Amino acid sequence: MPGMLEIMVQNMVNIPLIQPLVDVLLKIPVINYIVALILWRPIFAVLIIPGLGAIMLVLMIIVWWERKLTARVQWRVGPLEVSRPIGGVMQVMADGMRYFFQEVIVHRNAHAIYFIQLPILAFLPVLLPILLIPAGPVYAIRSDYAIPAIVALIALIPVVIIAMGWASNNRFAYIGAIREAFMYFAYEIPLIFAVLAMMVLYGSGDPFVIVEKQTVPGILLNPVAALTFIIATVMATSRLPFEIPEADQEIAFGPFVEYSGILFGLVMTLAYEKLYLMSLLLTILFLGGWNGIAIPILGDFMPPFWLFLKAFVFMLIISLLRSIYARYRLDQALRIGWSSILAISIISIAISYALVLTGWLP
Amino acid sequence: MTGMKEVREMSIEVPVEPPAEYESLFIPVPKEFVEDAYRKDDFIVFIGPQHPGSGHMRIIVRLKGDFIVEAIPDPGYVHRSMEKLAENRLYVQNIPLLERPAIMDFGNYNLGYVRVIEEALDIEVPERAQYLRVLLAELGRIGTHLYDAGILAVFMGHTTGFMWPFAVREFIVEALTHITGARITGSFIIPGGVRRDVDEKVLRMIGRIIFTIENRLEKFERVFIRNPTVVARLKDVGVLTREEAIKYGVVGPFLRASGVEYDVRRVESYEVYDDLDFEIPVGDDGDGYTRFLVRVEEIAQSMSIIRQVIDRIPEGDVISSDIEAISRNDIRGSFYDALAKITLPAGEYTTLTEAARGTLLFSVLSDGASNVPYRLRFVTPGWMYLKGFMESLKGERLADLQAIYGSFGYFPPEADR
């Protein structure tokens, strides 16, 4: 019976670039377990890339990038004073430190238990989809139902946000939670339809099959589905022009109005984490997943690298929306969601069926 | 198991006692109002004074679902008792005091108050000084409208629309610095003229500034004014019909947006406005978007006025010969000798001025003996259109409150005085 170490070493991520270093480290008694564990494929996928480590990297860079880009559009400089030589990238870290040492106030009227645990619980629906998002050879769980399962798990995040608004017991938080619930239904159905259209097109819910079939990226095969997915992503991550549940000038950050300190830090990053997950899904469905130019020296690290890069570039582009649009009103957003977006999502399913039935796709 | 159960009428005992804070915080709503709202399952929301979209005031909003049934203003958080303060200061010391409500718009505020003194003492103002006064007033008007456009933008979440007008306004501030020496609150207009002459170079620079602002505003138009989300948010929102606008005493651009062509600069012209060509932008719809567009058009008209002023300004003195000044081009050195002993003859003197946000009224009651006003009445446009603002909120959605607020450019320090 092989030991724990053998199991992990047999199924390790093979990166030629750092292989000599790994070989050395595997000879040291205790370190070898740690190295083998981190490089064990399932753990590597969940913990490093496209999992937790990548999320942290995204949070650090995307918040900085969004502020810097907005500043450039608005004839300003943006964050600069913290770590001036590298353009203020460390600003996010500084903000995080501030959140961490700030007092967390739990007001008298809040339901304290839910109020405190919900921001932490919110990480569950953020991290669970990572289990099912493969990056080529680096994956945790392979399933025929991975894509529907990812969509279902991402759909849990608004539930947590609504619960936060309820536990806050504040009028603005309550209004924000109601808005979140309304928006949830407005984008979720078109989003599911768009994903469904692509699953019809590829004939499978398995990301491996989907990526394999994308010799031509999905965005060219079914642009309508891609458009629906992108708009639904913008609505789902409450970015402008659909930043309606948070609307700081109207309802003072809605469900998050009572949060302070590190708890606010946690809830504030939720939208970015969700954006990251949906960008990964978009990359797999529409942008050819982890297909990319081969870089032999990266070995097994190459597919996650391409997957991450495509998702990240999409996030960088979508950050520009913030400096272009004003916020729609709730009823306008609902009208858009339930009429035009729903209509084009249904059209996208029809397009997929037409492509499959006419045999344009193998 | 039990089959049919007896149908009973259930009623839940909901506490209808208003919170104690309603009394201790002097909230201006009667107890019955709160109890009635609780019974009818309405929602009372306090917007302000510590709210990102309220300014220094509180709006008590009664909601039915998402719709505003009633909006009650609770202003006065930045009340500075200017009318009372003015009674303890020399006439000339009141100039810097009374421009404080709208610091960007100091030209019009100075002008309104100084004209009261000039009217009472019958002081003739040299033509060059009159042109310079118009220049200041119009620069202030552009600056204020840009400021309000920025606030409107940020209330709708459009941060670029907030930053750009503020950046453009910086050019106006620069021009004011070159004229008066202060970015805002210039206190430049004095009884009998202006403080000192303005150099030809400065006037040419203002001409170039106007050119730059025009270019930048074209970009602003593409990003904000014609932005589909902005149009969607402001169109048909907070409508005041012509009759309502007149009934509620709305003034200035907001009255003109409802289709009433009333501008003090035309109706009771002062300074050299009669000699200048400008149009009065008037809208028809009376909604938020029209209120905004009217002010955008006013910026264009003000720029046209400034160009005419720069072209036509005559040479000559800037201080009236009725004032005992050492130099007719600069009041420095003889300021207090000339102006501190001003005493108005007994009587009441009133002027109307078209400030950026609307009609501004100054009324001074003098006892004829003292060198301070006996009573000074001072009605700012913000206070005048507060009622119209509150009425236009009714029937709109809660999310529209900030859009309507921004479309009125309501400025609590100005209204509270």
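# Pocket, cores and local geometry

Me: Which element gives the largest share of the lining of the largest pocket?

Reply: The largest share, 12 residues, comes from α16(A). This is a predicted model: local features need pLDDT of at least 70, side-chain atom pairs count only at pLDDT 80 or more, and totals for chains, interfaces and linings use all residues. Residues are numbered from 1 along each chain as its sequence is written, chains are lettered from A and ligands numbered from 1 in written order, and side-chain values use heavy atoms, with hydrogens and water left out.

Me: What makes this space a pocket and not a cavity?

Reply: Both are sets of points on a 1 Å grid over the protein atoms alone; in a cavity a 1.4 Å probe fits but cannot get out, while a pocket is an open set with protein on both sides within 12 Å along at least five of seven lines. The largest pocket has a volume of about 1,400 Å³, a volume being the space filled by probe spheres set on the points, which are joined across faces, edges and corners.

Me: What makes a residue part of the lining, and which lie closest to the centre of the largest pocket?

Reply: A lining residue has an atom within 4 Å of a point. The lining has 49 residues, and V63(A), M268(A), T269(A), Y272(A) and R322(A) are the closest to the centre. Elements that give two or more residues to the lining include α5 (52-73) and α16 (261-286) of chain A, and α7 (159-180) of chain B. Helices are DSSP runs of H or I with at least four residues, strands runs of E with at least two, numbered from the N terminus.

Me: How is the lining divided by class?

Reply: There are 25 nonpolar, 11 polar and 13 charged residues. Ala, Val, Leu, Ile, Met, Phe, Trp, Tyr, Cys and Pro count as nonpolar, Asp, Glu, Lys and Arg as charged, and the others, Gly among them, as polar.

Me: Why is T229(B) called buried or exposed?

Reply: Buried means under 20% relative accessible area, exposed over 50%, and partly exposed in between (1.4 Å probe, protein chains only). T229(B) has 1%, so this residue is buried. T229(B) lies in helix α9 (residues 228-234) of chain B.

Me: What makes the pairs of T229(B) with N227(B) and A326(A) polar contacts?

Reply: The cut-off is a pair of N or O atoms within 3.5 Å; within protein, one must be able to donate a hydrogen and the other to accept it, and residues adjacent in sequence count only if both atoms are side-chain atoms. The side chains of T229(B) and N227(B) are joined at 2.8 Å, and a polar side-chain atom of T229(B) lies 3.1 Å from the backbone nitrogen of A326(A).

Me: Which residues does T229(B) contact beyond four places in sequence?

Reply: They are P241(A), Y325(A), A326(A) and Y328(A), where contact means heavy atoms within 4.5 Å. P241(A) sits in the loop between α14 (223-236) and α15 of chain A.

Me: What makes the peptide bonds before P241(A) and P50(A) stand out?

Reply: Most peptide bonds are trans. The bond joining L240(A) and P241(A) is cis, with omega about 5°, and the bond from I49(A) to P50(A) is also cis, with omega near 5°. P50(A) is in the loop between α4 (41-48) and α5 of chain A.

Me: What makes a set of residues a nonpolar core, and which have the most contacts inside the largest one?

Reply: A core is a set of buried Ala, Val, Leu, Ile, Met, Phe, Trp, Tyr and Cys residues joined through side-chain atoms within 4.5 Å. The largest has 99 residues, and those with the most contacts inside it include Y259(A), Y276(A) and F286(A). Its largest share, 15 residues, comes from α16(A). A second, separate core of 96 residues includes F224(B) and L339(B). Among the contacts of Y276(A) is P50(A).

Me: Why is S81(B) classed as buried, partly exposed or exposed?

Reply: S81(B) has 30% relative accessibility and therefore counts as partly exposed. S81(B) lies in the loop between β3 (67-74) and α3 (82-86) of chain B, with a positive phi near 50°.

Me: How do you know whether T351(B) is buried or exposed?

Reply: The relative accessibility of T351(B) is 3%, so T351(B) counts as buried. T351(B) lies in strand β6 (residues 347-355) of chain B, and a polar atom of its side chain lies 2.9 Å from the backbone oxygen of G112(B).
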